[in-house]
Structure formats: C-alpha cells, structure tokens
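Reader: Hi! Could you walk me through this one? I'd like to chat about contacts and sheets.

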Amino acid sequence: MLDDVEGPEQTSWVRILIVLAIGIPILIEVVTFGGLLGHYVAGGGGDGGAASTPTPDIEGATAGDEILPETAAVERVDSASVVTGNDGWRFTLSVAVDNSGNSTYELRLGTATTRAGRTVEGSDATTGRLAPGETGSVTGSWMLPKGQRPASVVVTVVTTPDDGTASAQQYTVDIGDVPVSS
C-alpha cells in the first residue's frame, strides 16, 4: 500500500493518526474525571445534572406555636425535643396554658403517633384544673421506637363551667420538625 517513497503528505497523515490515537482516549478520560469531580464538588445528584428537590418542611406545631386556636384558652408549645437512646428515642413536649376563658380548664396529653404510623402511650400528663385567668403547664414524655420521630399527639381538653358539668373534647395536634439530639 505504501510506496517506497515517502513524501511530506504521507508523513503528515501518519502524525495526525498518531495524535488522534493518543488524544481521543485522553480526552475521554478528562471528560469523565471532570464529570465525577463536578458531581462531588458541586453536589450534583445522580440525575444528570437536574436540579435537586429540597425536602419539604414538616407541617405542625413547634416551639412557640399555639396548638388549639379553636379553644378559649391559649396553649403554646414551650419546648419539644427528641433525645436518642439505647432503648428508643425519648420525645418530650411541654405546653404552657393560659386559661383566658370563663370555665375551669384542664389540658391532658395522650398518645403520640410516629411518622411511621406507630401509636405510643405517654405519661398521661395534665395541667390539672385551671380556674379562669390562671396559667399552668404540662410536660408529656413518650418513648418512641429507635429512629422514629413524632407526627402527632392526642390532646384532651376538659372544661367545667360554673354549673359543674364537665365536658371533654379530644383533638389531634400535628407536630412539626422536632430537633433530635443524643
């Protein structure tokens, strides 16, 4: 195929083929390395560079929120926490109550439900009976299964007007994103 005489044109073709034979694999490796580096440095996902969707915040009551706006009293979350442990995760909820209504008022904390749907019995904490104009607080505690966080708490409100006929109303209060500590 090749003639015995090499000219400048044949030498140029050989050089071009050698450059391509070495350059193409190097170019492929550089592009691959750049893609991997961009993935880890820029925080890209495995979806080819599409923007990632942030995790939505959990809707519900957190510290400072009123939990039962439909009642005459004002019930605000003082604090909420989850502490990890060997036996499970301890969820603690403290609620401050200001009885601004005209009846005796009591707030009871019942069962908690985890985000995974598991119902957990609590300590049956109560404010006790608060006369109109009084304030009080209640702190409930629940031992959740390891790795599970609270989704809601059942709250019972007992009101007793001057005639002495007590009435109880039960509510389910959604719990927001509670910080977890160890």
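Reader: Let's start with a charged pair. Which residue forms a salt bridge with Asp177, with the closest N and O atoms 2.7 Å apart?

Author: That is Arg149. A salt bridge here is a side-chain nitrogen of Lys or Arg within 4 Å of a carboxyl oxygen of Asp or Glu. Asp177 lies in the loop between E7 and E8 and Arg149 in the loop between E5 and E6, so the pair ties together parts that are 28 residues apart in sequence. Those labels follow DSSP runs, numbered from the N terminus: helices are H or I with at least four residues, strands are E with at least two.

Reader: Before I trust that, what kind of model is this?

Author: It's a predicted model, where local features need pLDDT of at least 70, side-chain atom pairs count only at pLDDT 80 or more, and totals for chains, interfaces and linings use all residues. Residues are numbered from 1 along each chain as its sequence is written, and side-chain values use heavy atoms, with hydrogens and water left out.

Reader: Fair enough. What does the pLDDT average?

Author: The average is 86, and 85% of the residues score at least 70; pLDDT is the predictor's confidence in each residue, from 0 to 100. Over residues 45–53 the pLDDT is below 50, and this stretch has two contacts in the model beyond near neighbours in sequence. Contact means heavy atoms within 4.5 Å.

Reader: Back to the charges. How many salt bridges are found in the whole structure?

Author: Three. Besides the Arg149 one, the side chains of Arg115 and Asp177 meet at 3.1 Å, N to O. Arg115 sits in the loop between E3 and strand E4 (119–120), and Asp177 in the loop between E7 and E8, so this pair ties together parts that are 62 residues apart in sequence. Arg115, Arg149 and Asp177 are thus linked in a network of salt bridges.

Reader: And what does Arg108 pair with?

Author: Arg108 forms its salt bridge with Glu106, with the closest N and O atoms 3.2 Å apart.

Reader: Are those two buried or exposed?

Author: Arg108 has 37% relative accessibility, so it counts as partly exposed, while Glu106 is buried at 12%. Buried means under 20% relative accessible area, exposed over 50%, and partly exposed in between, with a 1.4 Å probe and protein chains only.

Reader: New topic: sheets. In what order do the strands of the antiparallel sheet run?

Author: The order is E4-E3-E6-E7, four strands in an open sheet. Two strands pair if DSSP finds at least two bridges between them. E4 and E7 stand at the edges with a single partner strand each, so one side of each is left without a neighbour in the sheet.

Reader: How is E3 paired in there?

Author: E3 has two bridges to E4 and nine to E6, antiparallel in both cases. Ala112 has Val120 in E4 as its bridge partner, and Thr104 has Thr160 in E6. E3 and E4 also form a hairpin with four residues between them, and Gly117 in the turn has a positive phi of about 95°. Nine of the eleven residues of E3 are buried, so it is largely enclosed by the rest of the structure.

Reader: Nice. What about the sheet with mixed pairing?

Author: That one is open too, with four strands in the order E5-E2-E1-E8. Its edge strands are E5 (135–144) and E8 (180–181), each pairing on one side only. Strand E2 (residues 89–98) and E5 run antiparallel and are joined by ten bridges, with Ser94 opposite Thr139.

Reader: How many aromatic pairs did the search find?

Author: One: Phe91 and Trp142, stacked, 5.1 Å centre to centre with 25° between the planes. Phe91 lies in E2 and Trp142 in E5, so the pair ties together parts that are 51 residues apart in sequence. For the cut-offs, rings of Phe, Tyr and Trp (its six-membered ring) pair if their centres lie within 6.5 Å; planes under 30 degrees apart count as stacked, over 60 as edge-to-face and the rest as tilted. Both Phe91 and Trp142 are buried.

Reader: Which residues touch the most other members of the largest nonpolar core?

Author: Leu68, Phe91, Leu93, Leu107, Trp142 and Val153, out of 29 residues. The largest share, five residues, comes from E2. Such a core is a set of buried Ala, Val, Leu, Ile, Met, Phe, Trp, Tyr and Cys residues joined through side-chain atoms within 4.5 Å.
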